[in-house]
Amino acid sequence: MAIKIFNTLTKQKEELIPIEPGKIRMYLCGPTVYDFFHIGNARPFIIYDIFRRYLSYRGFEVKFVMNITDIDDKIIKKSADEQVDAATVAQKYSDAFFEDIKKLGIQPADKYPRATENIPEIIALIEKLVDKGLAYVVDGDVFFSVSDFQNYGKLSGKNIDQLKSGARIEVDSRKKNPLDFALWKTVKEGEPYWDSPWGRGRPGWHIECSVMSMKCLGETFDIHAGGADLIFPHHENEIAQSEGATGKQFVRYWLHNGFLNIEGEKMSKSLGNFFTTREILTQYPAEVLRIFFLMKHYRSPVNFSEELVQQAQNALERIITTISNIDVALDQSQRELSGEAALTESIDALRDGFIAEMDDDFNTAGAMSKIFDLVKEANLILTKTQYSDADYLALQKIKETIVEFDSFLGILSYKQHQQTTITEEALIEILLNVRSELRRRKIFDLSDEIREKLIALGVEIHDRPDKPIWRKK
RNA sequence: GGCGGCGUAGCCAAGUGGCUAAGGCGGAGGUCUGCAAAACCUCUAUUCAUCGGUUCGACUCCGAUCGCCGCCUCCA
């Protein structure tokens with residue numbers, strides 16, 4: 001079945017047809033490394049990690065590239081504020097970036113090109129644009145001339161005249177059109193610079209993405225993704241630069257995720273509602289953040305709050321509990337299992353349903369409901385006092401299905417956070433054995449006291465007919 | 001002012017021109033249990049912001065109104 005994705009360029013869902021059959025070339029706008037990234041930034045990193053892995057799961061060979069913008073106004077500002085050079089700032093926060101995405105369970109991209117490592121290519125592209133008459137040089141600055149590029153505005157649905165009338169920007173009088181944007185900025189006192197045909201300077205924002213994406217993925221590639229705020233001007237400008245230079249279509253499918261708000265407000269430092277991902281990760285495991293985003297549609301805005309994350313965590317624990325209950329049940333099945341699994345039809349239907357949801361513009365929220373249905377099916381079996389072979393096989397099948405989907409969801413590793421040391425386990429076992437003996441002798445006040453104290457330590461006890469089981473909360 | 005999006009139960013959140021409007025969280029009652037916990041069962045939207053229109057039929061399509069938000073300036 002075909003995979004459909006919503007393309008910002010056409011504003012509709014389209015079947016995903018790769019340029020090269022079986023292969024997807026995908027680019028995600030990565031971080032500008034001037035600070036720790038915040039929880040709003042984490043959303044695209046997480047969801048596109050999931051999409052990319054899902055496409056692999058569906059049999060595509062995916063080449064996934066994410067850039068590191070390591071030279072830019074904000075980095076320069078930070079370096080001035082902190083009295084260190086720009087390269088040091090960039091290094092510090094790009095190291096932090098890699099640490100954080102690793103903690104988020106994000107698989108490394110195939111390539112992480114850096115702007116500063118592609119200066120010759122950037123200069124070459126600008127020269128090409130100048131040669132073609134799409135860019136002009138003023139006092140060592142180079143600007144892209146939007147009025148000379150026919151399709152300017154095709155991604156964001158804006159046209160040059162509308163933009164002009166709505167423009168609130170200070171107009172640089174050297175620009176031919178107020179919307180013209182800088183490709184190359186001439187150096188200012190104390191700033192890092194590179195030599196160029198127009199004198200010393202540095203690349204403008206936007207140009208590095210055009211250069212690095214085309215360098216790594218070709219002049220036309222399949223998917224370009226990022227936050228909705230990048231549609232204009234960043235991605236619009238990338239199209240202008242790239243298509244202006246090559247005369248070819250730059251990107252087939254543009255994907256944009258919705259924003260993350262705090263209490264319905266955009267997150268910003270001035271409002272004081274700014275949370276870095278590393279702060280959040282000290283309070284919640286990555287898997288909780290992943291399922292939090294999974295249970296919402298990627299194009300919708302989401303609110304972020306303690307309460308909502310807690311809801312997601314409780315939902316995740318439901319899945320984890322069932323999986324570990326399945327494990328306990330399967331451990332008990334000493335015999336060879338034979339025959340047909342129970343509920344085969346219903347499990348297969350849920351599995352197909354999950355994939356159908358994912359295929360429909362990555363509807364993770366719809367897909368997750370199928371996981372919960374699988375969990376429910378498992379729980380229904382687990383409630384029985386005795387399991388048949390068919391029951392065991394069904395449990396096995398349900399678990400395998402969820403584990404398989406977890407190859408891109410990345411949420412089951414949550415149970416690692418509940419893990420205990422061997423010593424802890426041994427001690428808990430001793431206490432439970434004592435408690436079982438107390439219960440056998442009907443000394444319930446003492447057995448309950450052991451239970452209460454263990455719960456206080458975060459160890460939950462469930463008395464089953466055969467023997468008690470426990471888990472760390 | 002221009003462009004775009006959203007408004008579904010206490011909360012979060014999918015979805016569809018007509019079968020019972022997914023799923024999660026929370027809550028209530030019950031089963032199980034020595035008591036619990038976990039799990040299970042039942043209940044928790046006659047209704048999808050409001051008002052009109054199109055239609056045999058709309059929550060889903062169209063229009064208006066109200067409310068919220070984003071982009072148009074750095075931003076995921």
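Select Lys185 in this predicted model: the residue is partly exposed, with a relative accessible area of 26%. Its side chain forms a salt bridge with Asp73, and the closest N and O atoms lie 3.0 Å apart. Display the secondary structure around the pair: Lys185 belongs to strand β7 (residues 181–186) and Asp73 to helix α2 (residues 73–82), 112 residues apart in the chain.

Keep Asp73 selected; this residue is partly exposed, at 37% relative accessible area. Add Arg202, whose side chain meets that of Asp73 in a salt bridge of 2.9 Å, N to O. Arg202 lies in strand β8 (residues 201–203) and Asp73 in helix α2, so this pair ties together parts 129 residues apart in sequence. Arg202 counts as buried because its relative accessibility is 4%, and the cut-off for buried is under 20%.

Move next to Asp463 and Arg435, a salt bridge with its closest N and O atoms 2.9 Å apart. Asp463 is in strand β14 (residues 459–463), and Arg435 is in helix α14 (residues 422–440), 28 residues away. Asp463 is partly exposed at 31% relative accessibility, whereas Arg435 is buried at 1%. Extend the selection to Arg439, Asp448 and Arg451: salt bridges with shared partners join these residues, Arg435 and Asp463 into one network. The structure holds 32 salt bridges in total.

Finally, turn to the largest pocket, with a volume of about 960 Å³. Select Tyr34, His38, Asn41, Lys74 and Asp229, the closest to its centre among 38 lining residues. Then colour α1 (39–57), α3 (86–103), α6 (207–217) and β9 (221–227), each of which supplies at least two lining residues. By type, the lining comprises 19 nonpolar, 12 polar and 7 charged residues.

Terms used: Residues numbered from 1 in each chain as written. Chains lettered and ligands numbered in written order. Predicted model: local features only at pLDDT ≥ 70, side-chain atom pairs only at ≥ 80, totals over all residues. Heavy atoms only, no water. 1 Å grid on protein atoms, 1.4 Å probe; cavity = no way out; pocket = protein on both sides within 12 Å on 5 of 7 lines; lining within 4 Å. Points joined across faces, edges and corners; volume = space filled by probe spheres on them. Helix = DSSP H or I, 4+ residues; strand = E, 2+ residues; numbered from the N terminus. Nonpolar A, V, L, I, M, F, W, Y, C, P; charged D, E, K, R; others polar. Salt bridge = Lys/Arg side-chain N within 4 Å of Asp/Glu carboxyl O. Buried < 20%, exposed > 50% of the residue type's maximum accessible area, 1.4 Å probe, protein only.
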